[in-house]
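Here are my notes on the model, kept brief. Please read them with the coordinates open.

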Amino acid sequence: MKSTISPITAAAGLFVIAIITQSLVGCALRLVPDSGRTILLSNDGRTLYVANPDSGSVSVLDVATRSKLAEIPVGKTPRTLSLSPDESRLLVACQESNHVAVVDTTMLRVHQLIPVSPEPYGVVTGIRGTLLT
C-alpha cells in the first residue's frame, strides 16, 4: 500500500510525515516563519506552498531537496491557499489586505491582486478554475 505524504509545520520547522505508516519522512528546520499555518502540496508532490501570516508572504519549497525556492510577498495576513486546476496560478486569501493574490507558479511572483469583500479567510478554485472566496 502506498503511503500518503502529509507535510506539516511546527515551531521548529517543516516536517513531512507518511500518514499510513505514521512515520517521519523528513525534517527541514527553519524553512518557514514560525506561524506558517496553511500549506498546500502540488499534485505531483514536488512543490509545497506555505502561507506565512506573520510575514505577509508565501514560501515555496522543493519537497525533494527540502529547500526554499522562494518567499513571495502577497499582502497582509495570508490565510488560505488554492491552486488553479492546471496549477499555473496559486490563489492566496489575504485577510487584512482584503484581496486575493494570484501568484504565477512558474515565475514565482504575484501576477494579480483581486479586491474582495473585507477580511477574506478562505479561497478555493472550482473545477473550471473559477474563484470562490
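1. Leaving aside neighbours within four places in sequence, which residues is E96 in contact with? The contacts of E96 are with K76 and T77. Keep in mind throughout that this is a predicted model.

2. Next, the setting of E96. E96 lies in the loop that runs between β9 and β10 (99-104). Its relative accessible area is 55%, so E96 counts as exposed, the cut-off for that class being over 50%. E119 is 23 residues from E96 in sequence. In space, the two C-alpha atoms are 5.7 Å apart.

3. Now take Q95. Q95 also has its place in the loop between β9 and β10. Is Q95 buried or exposed? Q95 has a relative accessibility of 16% and therefore counts as buried, since buried means under 20%. So the loop holds both a buried residue, Q95, and an exposed one, E96.

4. The surroundings of Q95 deserve a look. Not counting residues up to four places away in sequence, Q95 touches K76, T77, R79, E119, P120 and Y121. K76 and T77 are also in contact with E96. With R79 there is a polar contact, side chain to side chain, at 2.9 Å.

5. On to strand β8, residues 78-83. All 6 of its 6 residues are buried, so the rest of the structure largely encloses β8. Its partner here is β9 (residues 89-94), joined to β8 by 5 bridges. The two strands run antiparallel. Check the register against two pairs: L83 has L90 as its bridge partner in β9, and S82 has L91.

6. The β8 and β9 hairpin has 5 residues between the strands. Which residue there takes a positive phi? E87 does, with a value near 60°.

7. β9 is mostly covered as well, with 5 of its 6 residues buried. β9 also pairs with β10, through 6 bridges. This pairing is antiparallel. Within it, A93 stands opposite V100 of β10.

8. How many residues lie between the strands in the hairpin of β9 and β10? There are 4. In this hairpin N98 takes a positive phi, near 55°. I would set N98 beside E87 when viewing the turns.

9. A separate point concerns the open sheet. The sheet has 4 strands, in the order β4-β5-β6-β7, and its pairing is antiparallel. Why does one side of β4 and of β7 lack a neighbour in the sheet? β4 (39-41) and β7 (67-73) are at the edges and have a single partner strand each, so one side of each is left without a neighbour there. From one strand to the next, the twist averages 20°.

10. Last, one pairing inside that sheet. Strand β6 (residues 57-62) pairs with β7 over 6 bridges, in the antiparallel sense. For the register, S59 has E71 as its bridge partner in β7.

How values were computed. Residues are numbered from 1 along each chain as its sequence is written. This is a predicted model: local features need pLDDT of at least 70, side-chain atom pairs count only at pLDDT 80 or more; totals for chains, interfaces and linings use all residues. Side-chain values use heavy atoms; hydrogens and water are left out. Buried means under 20% relative accessible area, exposed over 50%, partly exposed in between (1.4 Å probe, protein chains only). Two strands pair if DSSP finds at least two bridges between them. Contact means heavy atoms within 4.5 Å. Axes are lines fitted to C-alpha atoms, for helices over the stretch in contact, and angles run from 0 to 180 degrees between N-to-C directions. A polar contact is a pair of N or O atoms within 3.5 Å; within protein, one must be able to donate a hydrogen and the other to accept it, and residues adjacent in sequence count only if both atoms are side-chain atoms.
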